[in-house]
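The exercises below ask for a careful reading of one protein chain, moving from single backbone positions to helices and then to domains. Each task is followed by a solution worked in steps.

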Amino acid sequence: ENEPLILGIETSCDETGVGIVRGQTLLADAIASSVEEHARFGGVVPEVASRAHLEAMVPTIRRACETAGIKPTDVDAVAVTSGPGLAGALLVGVAAAKGLALSLEKPLYGVNHLAAHVAVDTLEHGDLPKGCVAMLVSGGHSSLLAVEDITDGVLPMGSTIDDAAGEAFDKVARVLGLPFPGGPYIDKAARDGGDRLYVKFPRGLTSQRDLERHRFDFSFSGLKTAVARWVEAKRRDGEDVPVNHVAAAFQEAVCDVLTRKAIDACKDRGYEHLLIGGGVAANSRLRAMAEERCAEAGIAVRVPRPGLCTDNGAMVAALGSELVRAGKAPSPLDLPADSSMPI
Ligand code: KG4
Ligand code: ZN
């Protein structure tokens, strides 16, 4: 093949990811995670994440190259997440990418983390549709984005005004005594006989009044508090907490709001495609509900496989590849890391 070979580096949160793609073909996706080091704190500790990236960076680049069967000198361009994310964590990846680009004398592409979450789908389903809504739901973000052409960036339509969807999963899991990160455990508890209709938990920002100002925004903090109160009341009364039912009912509230607003966003833009990404896209109920409701609305759903939905280097390489293929200009070598990068 004579498609360009792109190496992508991701360090915006707690995963050190290095992906290698040729065109839209994934050759390697090496990852080192510091998630276990953060588990006992119940959340990601920025300082711990930065140090872990520094230690894992070069070994992870080596591992990716070995898997892809290439030498670093074969690489045609280096892509890196330059924001948004944890400042210190981003700096490690950006510095590594610059060093690599400089020594290889190859172009550097700084990319937006959220746009990369969208672009990763090209590795599984090929070219993105002309015009789609992307819903990104993870521990750090919950956004609805309009995407015309991913190489021109993404347009924010709405986002959470408090907790991210994944954060709500993690906090509710903690209340229920499930391990961190809680999303997969809630998913599993709900599947193990959980009754989705056991309690009707609140759907944030869906009242007529809220929709006027926050049509495409989310709020999960009230839901989390409602679940915590419900569980506390049961415990106070000395009753058993039906973990599976509470998990299922909570998950139902999150998925109901996410899918409703995502479909409304597609209708607003006149798009017939919805792309779902981020760690929460791995949720089995979200996938099923999105498929069902989108089918009714005549919208096609694209969800990359779970391994591509969570933070990784492949998504950065995928976006880098799209930029190179579209003939976009590279970034300067004094590219800053921008922790609060606008989308
Ligand atoms: O994208 P990601 O790996 O990292 C960032 O937060 O950027 O997403 C991790 C989040 C965590 O909050 C985790 O609990 C959630 O995704 N998650 C899930 C599932 N798998 C991971 N949430 C619900 N259901 C799942 N199956
Ligand atoms: Zn992410």
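**Exercise 1.** Is Glu-105 buried or exposed, and how many other C-beta atoms lie within 10 Å?

*Solution.* The model is a predicted one, and the count is the place to begin. Glu-105 has 7 other C-beta atoms within 10 Å, and because a residue with 12 or fewer is classed as exposed, Glu-105 is exposed. Its place in the chain is the loop between helix 3 and strand 5 (108-112). Turning to the backbone, phi of Glu-105 is near 55 degrees, which is a positive value in a residue other than glycine. Most residues other than glycine have a negative phi.

**Exercise 2.** Apply the reasoning used for Glu-105 to Leu-205: where does Leu-205 lie, and is Leu-205 buried or exposed?

*Solution.* Leu-205 belongs to the loop between helix 7 and helix 8 (208-214), and although it is not a glycine, its phi is positive, at about 55 degrees. The count for Leu-205 is 23 other C-beta atoms within 10 Å, and because 20 or more is the cut-off for burial, Leu-205 is buried.

**Exercise 3.** Which residue follows Gly-83 across a cis peptide bond, and which follows Phe-180 across a cis peptide bond?

*Solution.* The bond from Gly-83 leads to Pro-84 and is cis, with omega near -10 degrees; Pro-84 sits in the loop between strand 4 (77-83) and helix 3 (87-104). The bond from Phe-180 leads to Pro-181 and is likewise cis, with omega near -10 degrees, while Pro-181 is located in the loop that joins helix 6 and helix 7.

**Exercise 4.** How many residues of helix 6 are buried, and which elements do they pack against?

*Solution.* Helix 6 spans residues 165-175, and 10 of its 11 residues are buried. Among them are the charged residues Glu-167, Asp-170 and Lys-171, as well as Phe-169 and Val-172. The buried residues pack against two strands, strand 6 (132-137) and strand 7 (142-147), and against helix 7 (183-191), helix 9 (221-236) and helix 10 (243-269). Just beyond the end of helix 6, Gly-177 adopts a positive phi of about 80 degrees.

**Exercise 5.** Describe how helix 10 packs with helix 11 (residues 284-297).

*Solution.* Begin with the geometry: the two axes come within 10 Å and cross at roughly 35 degrees, and the crossing is right-handed. Next, list the residues that meet: helix 10 contributes Gln-251, Glu-252, Cys-255, Leu-258, Thr-259 and Ile-263, while helix 11 contributes Arg-285, Leu-286, Met-289, Ala-290, Arg-293, Cys-294 and Ala-297. Sorted by character, the residues of this contact comprise 8 nonpolar, 2 polar and 3 charged.

**Exercise 6.** Which residue ranges make up domain 1 and domain 2, and which helix gives the most to the side of domain 1 that touches domain 2?

*Solution.* The domain assignment gives domain 1 as 5-120 + 312-325 and domain 2 as 130-304, and their centres, taken over C-alpha atoms, are separated by 27 Å. In the contact between them, 14 residues of domain 1 meet 18 residues of domain 2. On the domain 1 side, helix 1 (35-39), helix 4 (113-119) and helix 13 (313-325) each supply at least two residues, and helix 4 gives the most, with 5 residues. The residues on this side divide into 10 nonpolar, 3 polar and 1 charged.

Methods
Residues are numbered from 1 along each chain as its sequence is written. Chains are lettered from A and ligands numbered from 1 in the order in which they are written. This is a predicted model: local features need pLDDT of at least 70, side-chain atom pairs count only at pLDDT 80 or more; totals for chains, interfaces and linings use all residues. Helices (H or I, at least four residues) and strands (E, at least two) are DSSP runs, numbered from the N terminus. Two residues are in contact if their C-beta atoms, placed from the backbone, lie within 7 Å. Axes are lines fitted to C-alpha atoms, for helices over the stretch in contact, and angles run from 0 to 180 degrees between N-to-C directions. A crossing is left-handed if the near helix is turned anticlockwise from the far one by less than a right angle, and right-handed if clockwise. Domain bounds come from an automatic or database domain assignment.
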